[in-house]
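This briefing concerns the fold of one chain, its contact with a second chain, and the confidence of the model. The sequence and structure are shown first.

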Amino acid sequence: MNRITKTGLAAAALTALPSLALAQDAPAPGFDEIGPYIMTTLLFCMAGFLVFFMAAGFAMLEGGLVRSKNVTMQMTKNIALYSIAAIMYWLMGFNLMYPGEFNGYVGSFFVPTALDPVGVAAADAALDYASVGSDFFFQLVFVAATASIVSGALAERIKLWPFLAFVVLLTGVLYPISGSWQWGGGWLSEAGFSDFAGSTVVHSVGGWAALAGAIVLGPRLGKYDKEGKVHPMPGSNLALATLGTFILWLGWFGFNGGSQLAMGTVGDVSDVSRIFANTNMAAAAGAVTALILTQVMYKKPDLTMVLNGALAGLVSITAEPLAPTLFGALWIGAVGGVIVVFTVPLLDKLKIDDVVGAIPVHLFAGIWGTIAVVFYNGDASLGTQLLGIAAYGVFTFIGSIVVWFILKAIFGIRVDEETEINGLDMGELGMEAYPEFSKG
Amino acid sequence: MKLIIATIKPFKLEEVREALTEIGVRGMMVTEIKGFGSQSGHTEIYRGAEYAVNFVPKVKLEIAVSAAMADQVVEAITNTARTGKIGDGKIFVLDIQQAMRVRTGETNEDAL
């Protein structure tokens, strides 16, 4: 579903305003006129709450997969990045991503978001769409998800403030510009690229930014030895990691379902429920695939891979959660699970240290999901999908790596060796997540 | 007086405690430890990468008994803690020079 209609329809409603305003004695609008607006606004609010809760899911997943000496830092990064994303998206992100009429590549910077007036009259509202507040909120929780992806990959060694500086640029500039190409009605949307809820626009973008960061930052001390052997650093709390995954799974119903962007007709509300069912199926298939594969390959199932498998299933179905049958969602999600199980060790071979598996889950499965659109959506073509994947990859990876190098040159992005070994919690924050465990 | 130090597999602790109580042992000290012996370590796989677990969890018992009882205690531990598989543990017997019960000031065998 393309989001370009938003601004155009709002403008249409505004131009219709004078004639409506003159008709003072006209009867109050019936449900046929305002019902779709109310229902779609409600969809954005509910779906927005769910996607907001994904911030908690990312926090718990990451908190569980880092070692206990870095948990406070990971929580600090998660609440800070969400809050920074919310402010940056108001300050410039939202209108940069949805500029209305623009050249198709970059809209206007520094146009803060303005809400509908208090108690807006039906005649002044965008009756074909939804309230600005609900639309703005629904869009901003997506950009926060992108930033969360980066924090997981770079955990346990990046300094707090340079990381947050990157979040400012990612959520205020990089994500909104590339997002406008597709969802703002820019050049990729014109070219026929299809990405329903953001396998590429949201997840791969986060993955590319994380990959660039992981390369510039380097692996954790001791993760890879001189012979290239991998030394695993098991996470501190797999119960939290599992809770986080379930929260993300729940949040994804809002992520994909809300991206229908309309709930005012029988067709739309049915489509939203269809998306819920497909989204759930893809996650389940990804998890089961990873469960079976790790049992077969390693003789014991690996819970952390099963969690990643569920998330990879979700990312895989995000580019087209509406058109596939339930069987389609099953096999698309299952391929996502396969991708994770094989690419987590692959990144280790390349000595790219991704603490939580964010790059396999969000980037690799995101690419797969974007390609998989062509199997069930007749309007999509493989060439255009690949064009979109490449465009987002080149822009985000190069943009991110430049920002990371600049941050590295100016501030340094990595904590010193002693801080890394003692843990970022004490070194950078002077506060432990679980003080009783070490102090007695 | 003898001090018997035994390292055993953690899941055998309850069985050993019962056997020792039955033959009249009235106290013991228990510590969760890690270590390696001829079992040495083993390997596990985390997220596709193999890693060595160099130290194996064990439980250490420390039991102070009269010299007359020491052989019986060693035998009880051996019989209950044995699985026949590698890693069943070891038992050491040491002489105790002096013992004192803190509450009453009783010494040596009276203090055990």
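Of the 440 residues in chain A of this predicted model, 55% are buried. Helices number 17 in chain A, and the count of strands is zero. The radius of gyration of chain A is 22 Å, close to the 22 Å expected from the globule rule for 440 residues, so chain A is as compact as a globular protein of that length.

**Dimensions and contacts of chain A**

- The C-alpha trace of chain A extends over about 80 × 45 × 45 Å along its principal axes.
- Among the contacts in chain A with a separation of 6 or more, 80% join residues that are 24 or more positions apart.

**Contact between chains A and B**

- Chain A contributes 12 residues to the contact, and chain B contributes six residues.
- On the side of chain B that touches chain A, strands β3 (42–46) and β4 (49–53) each provide at least two residues.
- The residues on that side of chain B comprise four nonpolar, one polar and one charged.

**Confidence of the prediction**

- The model has an ipTM of 0.75 and a pTM of 0.87.
- The average pLDDT of chain B is 93, and 100% of the residues of chain B score at least 70.

Note on methods. Residues numbered from 1 in each chain as written. Chains lettered and ligands numbered in written order. Predicted model: local features only at pLDDT ≥ 70, side-chain atom pairs only at ≥ 80, totals over all residues. pLDDT = per-residue confidence, 0-100. Contact = placed C-beta atoms within 7 Å. Helix = DSSP H or I, 4+ residues; strand = E, 2+ residues; numbered from the N terminus. Nonpolar A, V, L, I, M, F, W, Y, C, P; charged D, E, K, R; others polar. Rg over C-alpha atoms; globule rule 2.2 N^0.38 Å. Buried ≥ 20, exposed ≤ 12 C-beta atoms within 10 Å, placed from the backbone.
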